[in-house]
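Open the model in a viewer and keep the selection panel at hand, since each stop on this tour begins with something to select. What is found at each stop is described along the way.

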Amino acid sequence: MVPFFLFFVCALLAVAGAIVLIVAWEPIHSALSLVLVMMALAVLYLLLGAEFIAAVQIIVYAGAVMVLFVFVIMLLNAGSEERTNWSKLAKVAGLPLAFFFLLAVAHFLSRSAVGANIANGAGAVSNAGVSTRALSVALFQQYLFPFEATSILILIALLGALILARKDE
Amino acid sequence: MSVIPVSYYLVLSAVLFGLGMVGVVFKRNIITIFMSIELMLNAVNLAFVAFARAHNQLDGLVFVFFVIVVAAAEAAVGLAIVIMITQNRQSLNVERANLLKF
Amino acid sequence: MDFINQHPVLVVSLVKIAVLLFVVMTGLAYLTWFERKVVAHIQSRWGPYFVGAHGLLQPLADGLKFLFKEDMTPPASDKFVYILAPFLALALALTAIALIPFGPPSVRVLGQPVFVVANLDIGLLFLFAVTSMGVYGVALAGWSSNSKYPLLGGLRSSAQMVSYEVSLTLSVVGVLLIAGTLNFNDIISGQSGYYLGFIPRWHVIPQIIGFLCYITAAIAETNRIPFDLPEAETELVAGFHTEYSSFKFAMFFMAEYANMITVSCLATILFFGGWLSPFPDSWTWQLYLPGAGLILLGIYCLYDTIVSMRGIAKIQFAVVTMLCLGGGAISLIPQVASVIQGPFWFTTKVIFFLFFYVWTRGTLPRFRYDQLMNFGWKLLLPVSLANLVITAFVMILPSAARHG
């Protein structure tokens, strides 16, 4: 009962955050709502038993990448967006259509073999979740090459950002 | 103790992905577009973690790890580019960066 | 009652949270008193002296003052973010304290450990997550005040926090390699035992470089002197909290001290053995140490009451004396003494760290901002990284030598 309640609260928060993200006028409000979405998703990862990923999501994504976004918004002094009326067609036909499409997707997903997995207890990982140790063993043995490749990727991104930000002298 | 079916997580992931896509298509401020892209990446992460739990495998989680890393790298470089464009164009409106149409 | 027996986790957790909040808020208030007294004595003057005996009611007076001040909001600011920032800062700072174990998990009530509110398996990671989010409080406060000094102070402060966060995390990974777990209680249990029979096996001894990096990064992370340029009064008025008044300013203040307490608690857990006692277990007289300490304090307060206090301060200090002597007497009962052993040592070590914080505040000048960033990125980060590599190398060497 408690997992269901937690799931619905976090799902609601995530969807609300996403809606505020695309509806808000000020970019700073969008950034804060994206942080809210990420925190809600972190709780969902905890519900799914992925503790390390939840912590990494908060430390790296919500705590560093979004801080970068907030910095850039503050530095560029990004003002409000211009208000436009979204096309009438989008409002009248788009929203109901999207809702029905969503219902269809939910229906087919819940009927499929994939969707019924946890309900059957088929993928019965222990409720304790995945341990950090197991994840790190997989990361450093089976996935060592992608790990090193992403570290080179980060190095390239670092150098790129450095060069781009340098003033021409 | 009841457990939540995977399809619930997948539907949530689809909703978030769709909202992110709406944001990318309809918004004008380039930073907001960027954030909508991050929202899409987050939705995909949720789907990965849900599947990892369903199939009882670690590979989904490792992939999420890499997606987060790549998103961080992309945000860094992308925001540096945004800063440079804004210094040139003096505006964050995506529709003003249409120099190729001169 | 039936409800309590059926839901032990809920009831015990609620009680623990209430007690912890009360203790931490009081501790915060008296930390301000402690800091003012110590800095004053370093500067050859008395600190707060008149508001209650030895200035002990000064925090109360300050709290009342903050509550009654006029609460102004800058007119052109973003109201939602302006109000959110101090709440965020304080909430995050207090959340981190929920993970800290104050005593051994073997002391239980209704099957739940008494001395820790949340014993997470990824406790250390969660603490870092909360610290990462703390940057938002500062950045948003600076931005939403819609004024030059706070914006500059907020940007600089948050850039500093983000920079030193990396070194903070890296300097701790050496301890993780030795301990092999992220759970606080297991890290502390791994520090039990003694080298040569009497030197405790604390992580500070093999990880002394990591400890020094950690302390430096922690002082920078909490924006304290010598790293507090972004909020120094002579430089940027008051930095990111210039435009905040009354209770919101008090919340930033409390958040800074709560961060200090969290970082000190983390230092004791990771490097100094947490609630373990420095003396070997065979020395049974150490059970009576808290009681003896309190009684000595009570005797000093008694002497002070009789000799030097006048007027109402005499009555206040008489109350303090009786509390000290009473507490000391209770702590000498063997059952109570064995229970409070853990928290006593933990609190002593944390107070030592806080004293160290306040001592550096009173002694050192502050870094200039570019010197600060240089130091963080070009010195501290490579040193933490080197510490990590050397620790990993030393740990893997025996098994590598064995496997040939």
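A residue counts as buried if 20 or more other C-beta atoms lie within 10 Å of its own, with the C-beta atoms placed from the backbone. The model shown here is a predicted one, and every value below is computed from it.

**Stop 1: A:Leu34**

Select A:Leu34, which is found in helix H2 of chain A. Is this residue buried or exposed? A:Leu34 has 28 other C-beta atoms within 10 Å, and therefore it is buried. Now add A:Gly17 to the selection: the two residues are 17 residues apart along the chain, yet their C-alpha atoms are separated by 6.2 Å. Leaving out residues up to four places away in sequence, A:Leu34 touches A:Gly17, A:Leu21 and A:Met66 in chain A, and B:Met35, B:Glu38 and B:Leu39 in chain B.

**Stop 2: chain A as a whole**

Widen the selection to chain A, whose secondary structure comes to 7 helices and 0 strands. Buried residues make up 33% of its 169 residues, and of the contacts in chain A with a separation of 6 or more, 52% are between residues 24 or more positions apart. To colour the chain by domain, use the domain assignment, which gives domain 1 as 1-79 and domain 2 as 131-169; the C-alpha centres of these two domains of chain A lie 23 Å apart.

**Stop 3: where chains A and B meet**

Show chain B beside chain A. Of the 2 pairs of chains that touch, chains A and B have the most contacts between them, with 67 residues of chain A in contact with 58 residues of chain B. On the side of chain A that touches chain B, the elements giving two or more residues include helix H1 (2-23), helix H2 (27-47) and helix H4 (88-111) of chain A, while H3(A) gives the most, with 12 residues. Coloured by class, the residues on this side of chain A divide into 56 nonpolar, 9 polar and 2 charged.

**Stop 4: the nonpolar core**

Which residues touch the most other members of the largest nonpolar core? Among the 171 residues of that core, they are A:Met66 and B:Val49. Helix H3 (residues 51-76) of chain A gives the most to this core, with 18 residues. Centre the view on B:Val49 and, setting aside its neighbours within four places in sequence, look for its contacts with A:Tyr45, A:Leu48, A:Ala50 and A:Ile53 in chain A, and with B:Gly60, B:Leu61 and B:Val64 in chain B. Another core, of 6 residues, lies apart from the largest one, and among its members are C:Ala53, C:Ala313, C:Phe317 and C:Cys324.

**Stop 5: chain C against chain A**

Select chain C together with chain A, and find the 17 residues of chain C that are in contact with 13 residues of chain A. On the side of chain C that touches chain A, helix H5 (123-144) and helix H6 (148-179) of chain C are the elements that give two or more residues, and H5(C) gives the most, with 9 residues. The residues on this side of chain C divide into 13 nonpolar, 2 polar and 2 charged. Chain B and chain C, by contrast, do not touch, and their nearest C-alpha atoms are 14 Å apart.

**Stop 6: a helix pair and a loop in chain C**

Select helix H8 (residues 208-221) and helix H10 (residues 246-271) of chain C, whose axes come within 11 Å and cross at roughly 170 degrees. Because of this crossing angle, H8(C) is roughly antiparallel to H10(C). The contact is made by C:Phe211, C:Tyr214, C:Ile215, C:Ala218 and C:Glu221 of H8(C), together with C:Val263, C:Ala267 and C:Phe271 of H10(C).

Next, move to the loop between H8 and H9 of chain C, where C:Asn223 is found. Most residues other than glycine have a negative phi, and most peptide bonds are trans. Phi of C:Asn223 is near 60 degrees, a positive value, and this residue counts as buried because it has 23 C-beta neighbours inside 10 Å. C:Pro226 lies in the loop between H8 and helix H9 (233-236) of chain C, and a cis peptide bond, with omega about 5 degrees, joins C:Ile225 and C:Pro226.

**Stop 7: B:Asn56**

Finish in chain B with B:Asn56, in the loop between helix H2 (30-55) and helix H3 (59-89). Phi of B:Asn56 is also a positive value, near 60 degrees, but this residue counts as partly exposed, with 14 C-beta neighbours inside 10 Å.

Technical notes: Residues are numbered from 1 along each chain as its sequence is written. Chains are lettered from A and ligands numbered from 1 in the order in which they are written. This is a predicted model: local features need pLDDT of at least 70, side-chain atom pairs count only at pLDDT 80 or more; totals for chains, interfaces and linings use all residues. Two residues are in contact if their C-beta atoms, placed from the backbone, lie within 7 Å. A nonpolar core is a set of buried Ala, Val, Leu, Ile, Met, Phe, Trp, Tyr and Cys residues joined through C-beta atoms within 7 Å. A residue is buried if 20 or more other C-beta atoms lie within 10 Å of its own, exposed if 12 or fewer, and partly exposed in between; C-beta atoms are placed from the backbone. Helices (H or I, at least four residues) and strands (E, at least two) are DSSP runs, numbered from the N terminus. Ala, Val, Leu, Ile, Met, Phe, Trp, Tyr, Cys and Pro count as nonpolar, Asp, Glu, Lys and Arg as charged, and the others, Gly among them, as polar. Axes are lines fitted to C-alpha atoms, for helices over the stretch in contact, and angles run from 0 to 180 degrees between N-to-C directions. Angles under 35 degrees count as roughly parallel, over 145 as roughly antiparallel, 65 to 115 as roughly perpendicular and the rest as oblique. Domain bounds come from an automatic or database domain assignment.
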